[in-house]
Structure formats: C-alpha cells, structure tokens
Amino acid sequence: MTYLLGTDIGTSGTKTILMDTKGNLIAQDLQEYDVLTPKPLWAEQWPDVWLNAAKRSIANTVQKANIDILQIKGIAISGLYGGSGIPLDHEMNPIRPCMIWMDRRAEKETQWVKKHIDLERLQAITYNSVDPYYGFTKMLWLKNNEPENWQKTALFLPPNNYVIYKLTGNIAIDYSSAGNIGGIFDMNNRTWSSEMAQALGIPLDKMPQQIVESTDIVGTLSEQAAQELGLYVGLPVIAAGIDCGAASIGLGIYQPNTYSATVGTSMCAALISEKPIKSNGLIVWPYLYNAKKLSYNFAGSNTAGAIIKWFRETLCQWEIEQEKQGGESVYSILNQQAQAVPIGSGGLVVLPYFMGERSPIWDSHAKGTIVGLSLTHSKAHIFRAFMEAVAYALRQAMEVTGEDLGDFIIIAGGATKSKLWKQIFADVTGYPVVCPLNDTEANLGDVILAGVGTGTLTFEEVQKWQVLDEKIMPNSQAHALYSQYYQVYKSVYQHLKQDMATLSSLAQSQQ
C-alpha cells in the first residue's frame, strides 16, 4: 500500500492527514493557535507559529499512522491567504508578522490607489479591484508606515510557500497564491504584471520568480526536515495553494459551473469558470486544477465561522465550564436550543461584519450588528440569528456571481457539523445542499494534488472516491419566509452604512 500526506495551514489551526491511495483516512492531527489582533481591524501572525504547527502536525500524523514511511510518496501543503505574504530579509528571516487576509489596516492605501491608479486598467489586467483585503494594498501599507521594514524586505512569501521553503530550501509560489495578491498579477497571462507593479511602486524582485502549478513538485525534504518530521530525505513536496481552492479540489470540483462554499473562520463561496468573472466585485485567481485555463471566482464573509466562535467564547462561559467537566459540547447545546427557535429568530437580523467585509460589499467600516432585540429574546434566538446571518451572506455572494450556478451547492467546513445550519443554508438560498462525508476538504485536496504531482494518483481515479453526502432539500415555505428576512438583511446594511463609517472614525480618533 502507498500513502500520501496533506497539510493545510489555516487561520486558526494547522491540520495534517495521511491517506492511502484508495481514499482511506489513516491518521490525522490538528494544531491550534490564535490570530494576533494588536489593534482594531489588524490581523497578523508570526510565521514560525505556522511553521512549528505544521511540523508538529505532520510529525504527529506520521507517528499515529505507524506505517513504513518509505511507502509515503509525497506531501502537498496548502495555506490560508497570507495577504501581503511574509516579509523576509536577504537571509530569509521574517522581519515582522504577516498581515493575513483578515487584516484591514490598508484603508488609506486603498483610497490612494482609487485616486491615482486607472481602476479600469487594473481590472483589465488583474480581474480584481482594490481593497484592504488584497496583498498589494498591505504591501503599500508596509512601504508607507514601516519604511525600514520595507527596505529590509527582500521577498514576500505566502505561508504555505514559506513552510515549503523551510522544509526543502526551495523558493516558489503557486498560481493561486500569486493571483490572490491582486494588483500586480496579470490574470490574462498568468504572470506578474510589470505595468501594474511599476504604477503601484512595488518592485517585482520582491516577489518569488518561480510560479508553479499546484501539482508541481517544488522540492524534496531536506535532511534536517526529514529528521524533525519522522520522514525520509527526498520526499517530494508540492505547493498545493490557497486553502479554499484546495478544499474545492477535495470536493471533487474539476469542471466549470459548480458552486461551492467553504465555511471555516471565514467563508469562501466560489464558482469555477473557464472565463474569469470580472466587474461583479468578486475576487478572482487561477484555480488549483488547470491553473492556466480555469479561474476561481469568489465572494466571502470575513467572519463566518469566526462569529460563531466569538459567540461561544463571549457569551457561553457557563456552557464552557460544563463542557470542561464532561458535559455536552457548547456547540451541541447551542444547536439544540436554536432548533426550537422559529425561522427568522423571532424577528432578529444579524450583520456578520465583525472585521469589516470583503466581497461583495467591500467595506472596511462595516460592523457586526444585531437588529430587532427585545426582552423576549434569549441566547438561543441570537445564536440562531448568527447562523442565519452567514446563510444570508452566502445568498448575497451567489446573487453577485450570476445565474448559472448549477442545480445544487456544495458546502464544506465546520458549519457542516450542524444539521440545523445545513438546513438553514438550503432554506435561505433555495438550493439543495450537499456536504462532504468527512471533514477533510482542504487536506483531502492536498492529498489529491500530492498524488497527481507524484504520479501515484490521477484525477480520474480520485473522482471515483465517494466524498459527498446526500442532498439536503430546501423547504419552499421556509425559503419564502427567509426571502423576506433576506431583504431586510440587505436593507439594514444600506441604512446603517454611513453610521458605521462614523463609528469607525470616532473609534480611530480615540486611539
């Protein structure tokens, strides 16, 4: 029997799985950590946190598997969107924490781009617009606010590519990670854009020069890495790419016009297409499969799963203590209570904008909001309203993507552990929902890419693996009622948009 490893470096944890080439899960390990938020709307991480978590996760998985390591034929590593990428000096040492996708500090830089750069030309080349979300605006923030660190920066490297460098000694960037930087990546020619880089003042020599497919072998494990991981020298390593794209691979999406949403810390809701979708406020980058021809077009909620975690940690201290003492899990209790709450949470609407919002509204000042509270509402009402808010965000993402979304949507990620939440997604969107059988989406994608990259698997073989569960059908009456709440959801944001901007201004003036 032969085996493959898949490691995904996430926003709040790094997970590794080991599978055989028949699709059987043999072992796995998760290492968790927190995001650093030193100031409002800042989100960053020191890269060694990712590196150490990846090493522990891989080593623990190999140890748990207790197999002949020579039968492991490859490992692919995906990762969160690392925003600007890790700024590294000439000795490849990190200069400062990496500003990740969630970070929204580059508001002034965004406004500068809107004023000084031809946005039509920017979109014609990159198929993307400008926002603090994008890596190139974060680079401009570093240039403007930390000039000494900017001068020291010899290279920006995404999280998964940094870990691969530390394991192999080789430098490269995959197409998806390059495209997601926006601004300086040419989607038409799938390479860096010297025209936009010059206009923005970002030297291209600070970017990795080798751009690879997500099935390319970037390097092999060094002697030191092999020893640390309990593996062997020369094991092939593949740069899988952005984690939500790897999740789509894990869901078996290789053809255009399949819509999927991965709901983790954030939500990425995407359509794979042959022709990139531009001018709809979507984020566009090369897909991990057939990167030179297929595009990943997505909208997303910055804090989808994150608001559920926030709810738990902020409002559920009693339940947390009960769980620690051997009681039911907090999420299980909350789900049971929310099940008894009617559609619409008793007249509550939540805006899930706890860290501003990216596509499709693109508003750094957007705030988390609960509208409709009364003395009759309970914690269960509010929790259900949080779940419904993420489903409303998905429906809005689907609307801006277009009409040709297929006959059903695939939903993956932590949200699929909740039967109630899956039904809410179906009822709010009006689409049948299918979910993966196992919670290994990005990691499964990594395994597939490692297998194809090393020649131990083919895409035709993995399409035979059963990865999706039965469809969850929407309730027509529930959908009709949710559609009315959804209109309120959109209206509330429009009515409060200016007030949210004012609140941001007031908060910044007090810092």
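Over residues 3-250 of this predicted model, the chain is 37% helix and 24% strand, with the end C-alpha atoms 16 Å apart. That stretch comes from a record: an unreviewed UniProt entry annotates residues 3-250 as "domain: Carbohydrate kinase FGGY N-terminal".

Now for some backbone oddities. Most residues other than glycine have a negative phi, and most peptide bonds are trans. Here are two residues with positive phi.

| Residue | Phi | Relative accessible area |
|---|---|---|
| Tyr127 | about 65° | 12%, buried |
| Trp362 | near 50° | 21%, partly exposed |

Tyr127 sits in the loop linking α3 (119-126) to α4 (135-145). Its label is buried because a relative accessible area of 12% falls under the 20% cut-off. Trp362, on the other hand, is in the loop between β19 and β20.

That β19–β20 loop also holds Pro360, and the peptide bond leading into Pro360 from Ser359 is cis, with omega near 10°.

Then there's Asp363, in the loop that runs between β19 (349-351) and β20 (369-371). What is the nearest side chain of opposite charge to Asp363, and how far away is it? It's Lys497, 5.2 Å away; Asp363 is buried but makes no salt bridge. A salt bridge would need a nitrogen-to-oxygen separation within 4 Å. Leaving out residues up to four places away in sequence, Asp363 touches Arg104, Gly356, Glu357, Tyr493 and Lys497.

As for internal space, searching the whole structure turns up two cavities of 30 Å³ or more. The largest cavity holds about 50 Å³, and its lining includes both partners of the cis bond, Ser359 and Pro360, along with Glu357, one of the contacts of Asp363. Also among the lining residues are Gly300, Tyr353, Ile361 and Tyr489.

Terms used
Residues are numbered from 1 along each chain as its sequence is written. This is a predicted model: local features need pLDDT of at least 70, side-chain atom pairs count only at pLDDT 80 or more; totals for chains, interfaces and linings use all residues. Side-chain values use heavy atoms; hydrogens and water are left out. UniProt positions are given in the numbering used here, feature names are shortened, and annotations may be inferred rather than shown by experiment. Helices (H or I, at least four residues) and strands (E, at least two) are DSSP runs, numbered from the N terminus. Buried means under 20% relative accessible area, exposed over 50%, partly exposed in between (1.4 Å probe, protein chains only). Lys and Arg count as positive and Asp and Glu as negative; His and the chain ends are not counted. Contact means heavy atoms within 4.5 Å. On a 1 Å grid over the protein atoms alone, a cavity is a set of points where a 1.4 Å probe fits but cannot get out, and a pocket is an open set with protein on both sides within 12 Å along at least five of seven lines; lining residues have an atom within 4 Å of a point. Grid points are joined across faces, edges and corners, and a volume is the space filled by probe spheres set on the points.
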